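Biologist: I am new to this one, so could you walk me through it and let me ask how you reach each conclusion?

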Amino acid sequence: MVQKQTAGHDNFGDFAPKFAEMNDDVLFGEIWSREQQLPAKQRSLITCTSLISQGIFGPLQYHLETAKKNGVTKEEMVEAITQLAFYAGWPKAWTAMSLAKEVYAED
């Protein structure tokens, strides 16, 4: 089961309460908890792949850490990023590989 997310409320609760609610309760609450439909490990791989493909590296470290917690191995992440290098672009994959190297440093 996915841990309760509070980043939306912590960062934007006073400023943009509906946005915070949708982040924490809908995306990380309702969607990520649908384990029967798609396990968290696969959701993590999909999320990381999407962020890398779009070159959105701000939240990528968090999602790489989450992927690791959700059971994505270093070997699986390296393979996914290597595959993406040819479809999303080498510079994006290079940046993602650098972040993944930090996250999986202990492995």
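Modeller: Gladly! Please keep in mind that this is a predicted model. Let us begin with Glu106, which has a relative accessible area of 65% and is exposed.

Biologist: Why is Glu106 called exposed?

Modeller: The word is used for residues over 50% relative accessible area. Glu106 has 65%, so Glu106 is exposed.

Biologist: What makes Glu106 and Lys68 a salt bridge?

Modeller: A side-chain nitrogen of Lys or Arg has to come within 4 Å of a carboxyl oxygen of Asp or Glu. For Glu106 and Lys68 the closest N and O atoms are 2.9 Å apart, and the two form a salt bridge. The pair links distant parts of the chain, with Glu106 in the segment after α6 and Lys68 in helix α4, 38 residues apart.

Biologist: And why is Lys68 called partly exposed?

Modeller: Buried means under 20% and exposed means over 50%, with partly exposed in between. Lys68 has a relative accessible area of 24%, so Lys68 is partly exposed.

Biologist: How many salt bridges does the structure hold?

Modeller: There are three. Another of them joins the side chains of Glu76 and Lys41, at 3.0 Å from N to O. This pair also links distant parts of the chain: Glu76 belongs to helix α5 and Lys41 to helix α3, 35 residues apart. Glu76 counts as partly exposed because its relative accessibility is 30%, and Lys41 is partly exposed with a relative accessible area of 30%.

Biologist: What makes Glu21 and Lys18 a salt bridge?

Modeller: Their side chains meet at 3.4 Å, N to O, and the cut-off is 4 Å. Both residues lie in helix α2, three residues apart, which is about one turn of the helix. Lys18 has 51% relative accessibility, so Lys18 counts as exposed, whereas Glu21, at 31%, counts as partly exposed.

Biologist: Let us turn to the helices. How do you know that the span of α6 agrees with what is expected?

Modeller: At 1.5 Å a residue, the 14 residues of α6 should span 20 Å, and the end C-alpha atoms are 20 Å apart, so the two agree.

Biologist: Which residues of α6 are buried, and how do you know that they are on the same side?

Modeller: The buried ones are Ala93, Ala96, Leu99, Ala100 and Val103. They cover an arc of only 125 degrees around the axis, so they sit on the same side of α6. The face turned away from that buried side carries the exposed residues Trp90, Pro91, Trp94 and Lys101.

Biologist: What do the buried residues of α6 pack against?

Modeller: They pack against α3, α4 and α5.

Biologist: How does α5 look by the same kind of reasoning?

Modeller: Helix α5 covers residues 74–87, and its 14 residues reach 20 Å from first C-alpha to last, close to the 20 Å expected at 1.5 Å a residue. Met77, Ile81, Leu84 and Ala85 are buried in α5. Seen down the axis, the buried residues fall within an arc of 115 degrees, so they line one face of the helix. The exposed residues Glu75, Glu79, Phe86 and Tyr87 are on the face turned away from the buried side.

Biologist: Which helices do the buried residues of α5 pack against?

Modeller: They pack against α3 (40–54), α4 (60–69) and α6 (90–103). After α5 comes Gly89, whose phi is positive, near 120 degrees.

Biologist: Why is His63 called buried?

Modeller: The cut-off for buried is under 20%. His63 has a relative accessible area of 11%, so His63 is buried. The place of His63 is in helix α4. Not counting residues up to four places away in sequence, His63 touches Phe28, Trp32, Thr47, Cys48 and Leu51.

Biologist: And what makes Phe12 partly exposed?

Modeller: Phe12 has a relative accessible area of 37%, so Phe12 is partly exposed. Phe12 lies in helix α1, residues 7–12. Leaving aside neighbours within four places in sequence, Phe12 is in contact with Ala7, Pro17, Phe19 and Ala20.

Biologist: Which residues make the nonpolar surface patch?

Modeller: Met22, Val26, Leu27 and Ile31 make the patch, which is about 300 Å². One of them, Leu27, is found in helix α2, residues 17–31. Leu27 has a relative accessible area of 35%, so Leu27 is partly exposed.

How values were computed:
Residues numbered from 1 in each chain as written. Predicted model: local features only at pLDDT ≥ 70, side-chain atom pairs only at ≥ 80, totals over all residues. Heavy atoms only, no water. Helix = DSSP H or I, 4+ residues; strand = E, 2+ residues; numbered from the N terminus. Buried < 20%, exposed > 50% of the residue type's maximum accessible area, 1.4 Å probe, protein only. Contact = heavy atoms within 4.5 Å. Patch = residues over 30% accessible without salt bridge, like charges linked within 9 Å, V, L, I, M, F, W, Y side chains within 5 Å. Areas by Shrake-Rupley, 256 points an atom, 1.4 Å probe, with all protein chains shown as cover. Expected span 1.5 Å × (residues − 1). Arc of directions from axis to C-beta.
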